[in-house]
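Reader: Got a minute to go through this one with me? Put it up and let's start with the strands.

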Amino acid sequence: MAGSSTGSIGFIGSMNICDCGKRATMYTSWSLKNSGRRFFTCSEKSELRCEYFQWFDQEVDGRNGDVITHLNNRRIFLEEKIKLLEERIVILEGKVAKKKGKNRAMEKTVMFMKLMTCVFVALFAMLLMVCKTKGSSGWL
Ligand SMILES: [Zn+2]
């Protein structure tokens, strides 16, 4: 039967028909054993999917298989490291946001202190002027 799952391995774009009678979809496996190996499976959503499964690529073994497994392990390690670093970034961003909040509060306090200093200097200057005026009339 034309377009059946048998005899189509090795031809990209060939028709693989699943048990539902629909064109199967090609995926790439990223499992440790079959990393990068392509396969066909049912294109339906998981709850409606039939059991159809057909490898597209031949199994990789020997040295190439070892290299692919090593690279795949390295990829998994790096993905875990990225995940940890992303979590660390989130924590650090939270700390930075807290520090910014504290800085804003401190800036407000500093502004208030500057304002109060100006008020006290002005009051002191007025007091001096009053004292000087009183002093000229014999008070100081
Ligand atoms: Zn199907």
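Author: Sure. This is a predicted model. Let's start with a pair in the sheet: phenylalanine 40 has glutamine 54 of β3 as its bridge partner.

Reader: OK, and how many bridges join β2 to β3?

Author: Three. Strand β2 covers residues 38-41, and it runs antiparallel to β3.

Reader: What's the strand order in the whole sheet?

Author: The order is β1-β2-β3, in an open sheet of three strands with antiparallel pairing. The edge strands are β1, at 25-28, and β3, at 53-55, and each of them pairs on one side only. From one strand to the next, the twist averages 30 degrees.

Reader: Now zoom out for me. What pattern does the chain follow along the sequence?

Author: It reads β-β-β-α. That's three strands and one helix for the protein chain.

Reader: What sits between β3 and α1?

Author: A loop, and phenylalanine 56 is in it. The helix α1 itself spans 62-136.

Reader: Phenylalanine 56, then: buried or exposed?

Author: Buried.

Reader: Why does it get that label?

Author: Because phenylalanine 56 has 20 other C-beta atoms within 10 Å, and the cut-off for buried is 20 or more.

Reader: And how far is its C-alpha from that of methionine 26?

Author: They are separated by 8.0 Å, with the two residues 30 apart along the chain. Methionine 26 falls within the β1 range, 25-28.

Reader: What share of the 140 residues is buried?

Author: Buried residues come to 4% of the protein chain.

Reader: And contacts? What fraction comes from residues 24 or more positions apart?

Author: That's 29%, counting the contacts in the chain with a separation of 6 or more.

Reader: Switching to annotation. Where does UniProt put the coiled-coil region?

Author: The unreviewed entry places "coiled-coil region" at residues 68-102. In the model that span is 100% helix and 0% strand, and its end C-alpha atoms lie 51 Å apart.

Reader: Which residues does it list for the transmembrane region?

Author: Residues 109-130, again from an unreviewed UniProt entry. Here too the model gives 100% helix and 0% strand.

Reader: How far apart are the end C-alpha atoms over 109-130?

Author: 31 Å. Both annotated stretches, 68-102 and 109-130, fall within the α1 range of 62-136.

Note on methods. Residues are numbered from 1 along each chain as its sequence is written. This is a predicted model: local features need pLDDT of at least 70, side-chain atom pairs count only at pLDDT 80 or more; totals for chains, interfaces and linings use all residues. UniProt positions are given in the numbering used here, feature names are shortened, and annotations may be inferred rather than shown by experiment. Helices (H or I, at least four residues) and strands (E, at least two) are DSSP runs, numbered from the N terminus. Two strands pair if DSSP finds at least two bridges between them. Axes are lines fitted to C-alpha atoms, for helices over the stretch in contact, and angles run from 0 to 180 degrees between N-to-C directions. A residue is buried if 20 or more other C-beta atoms lie within 10 Å of its own, exposed if 12 or fewer, and partly exposed in between; C-beta atoms are placed from the backbone. Two residues are in contact if their C-beta atoms, placed from the backbone, lie within 7 Å.
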